[in-house]
Amino acid sequence: MASNNERLLHDLSDSIVNLDEDRLRRSVETVINSKMSAYDALMNGMAKGMNAIGRMYENGECFLPELLAAGDLMKTGLQMLQPHLKAEKAQMSGRVIIGTVQGDLHDLGKNIVIAILRSAGFEVYDLGIDVASNRFVEKVREGGDILAMSSLLTTTSPYMREVIAALTRTGLRKTTKVIVGGLPVTEEYAREIEADAYGKDAFDGLAKIKALVKDKTDWDPS
Ligand code: B12
């Protein structure tokens, strides 16, 4: 028999797949009043539903408006859960500039990364989606310790290399740590494009960013 937690995760996933906002809100309220972690609800409930409706879309079982509506529901759920996301506070905080790279409109994963970073005490500036390299560079120049980039498409992940090259050209690479993440990105790819770190998911990203900030603070450029 399914446990209460399993049932709740299933409800979260199912309400995304069936675009049922009332059921999603009720399920999220139940999570908030239960012992389940908000992150578990997000990743093992809602994100599973998102991936399931993505597969349905690929198989022609639903259409783009449904996929987009499911994305909006993910955002609603994330907003409700955000105050309840608990991450161990970072000992040293820093300013993170984040965005989804040019040509790419996927932001659900990036938004989860932002929510986790904020809950750990980081100041995060979100450049949004479809971000060109000059916008990343401008924002880093205004003051950023970490540049974080997201890409969900194999066609857009190479753009991360361009952004890193632009940072190098402008002399900002020396003082900025770069982390990359998203579905087609791997540890190996991050090394290849000379990023400083790769984050598999939001909590891995948080751990890597904490380490990068420590590295940056320990490092004396003189
Ligand atoms: C939802 C979705 C969409 C939505 C996006 C809505 C939105 N607001 O984001 C819409 C409908 C707009 C869309 C459009 C398209 N999509 Co789409 N989409 C998806 C889908 C189903 C889910 C992605 C998602 O949100 N997952 C849930 C989140 C929580 O997970 P996540 O994004 O992976 O993020 C986690 C980690 O990756 C990581 N992470 C992510 N970013 C970062 C950054 C940092 C710094 C760190 C540390 C970590 C990190 O942490 C996150 C949380 O743990 C995927 C399929 C899939 N299984 O992923 C396809 C998918 C990504 N899409 C795909 C495609 C092809 C497209 C389109 C080209 C479709 C088309 N033919 O029009 C367009 C492209 C539009 C564009 N220019 O970007 C392909 C990509 C294939 C490829 N090899 O490139 C996929 C894989 C589907 C498939 N199997 O074919 N899509």
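These legends describe close-up views of a predicted model.

**View A. The cobalt atom of the ligand and its protein donor, H106.** The protein gives the cobalt a single donor. That donor is NE2 of H106, 2.3 Å away from the metal. H106 sits in a loop. The loop runs between β1 (95–100) and α5 (108–119).

**View B. The largest cavity and its lining.** The structure holds one cavity of 30 Å³ or more. About 30 Å³ of space lies inside the largest cavity. Its lining is formed by L42, M74, K75, L78, L108, N111 and I112. Five of the lining residues are nonpolar, one is polar and one is charged. Helices α4 (64–81) and α5 each supply at least two residues of this lining.

**View C. The largest nonpolar core, centred here on M46 and F122.** This core has 47 residues. Among its members, M46 and F122 touch the most others. Two or more residues come from each of α1 (4–17), α2 (21–32), α3 (38–58), α4, β1, α5, β3 (146–150) and α9 (202–218). The biggest share is from α3, which gives eight residues.

**View D. The contacts of F122.** Neighbours within four places in sequence are left aside here. F122 is in contact with A90, M92, S93, G94 and V96, among others. Further contacts of F122 include L117, L206, I209, K210 and V213.

**View E. A second nonpolar core.** This core is separate from the largest one and has 25 residues. Among them are A132, M149, V185 and A195.

Definitions and conventions:
Residues are numbered from 1 along each chain as its sequence is written. This is a predicted model: local features need pLDDT of at least 70, side-chain atom pairs count only at pLDDT 80 or more; totals for chains, interfaces and linings use all residues. Side-chain values use heavy atoms; hydrogens and water are left out. Donors are N, O and S atoms within 2.8 Å of the metal (3.2 Å for Na, K and Ca); water is not among the atoms, so sites may look incomplete. Helices (H or I, at least four residues) and strands (E, at least two) are DSSP runs, numbered from the N terminus. On a 1 Å grid over the protein atoms alone, a cavity is a set of points where a 1.4 Å probe fits but cannot get out, and a pocket is an open set with protein on both sides within 12 Å along at least five of seven lines; lining residues have an atom within 4 Å of a point. Grid points are joined across faces, edges and corners, and a volume is the space filled by probe spheres set on the points. Ala, Val, Leu, Ile, Met, Phe, Trp, Tyr, Cys and Pro count as nonpolar, Asp, Glu, Lys and Arg as charged, and the others, Gly among them, as polar. A nonpolar core is a set of buried Ala, Val, Leu, Ile, Met, Phe, Trp, Tyr and Cys residues joined through side-chain atoms within 4.5 Å. Buried means under 20% relative accessible area, exposed over 50%, partly exposed in between (1.4 Å probe, protein chains only). Contact means heavy atoms within 4.5 Å.
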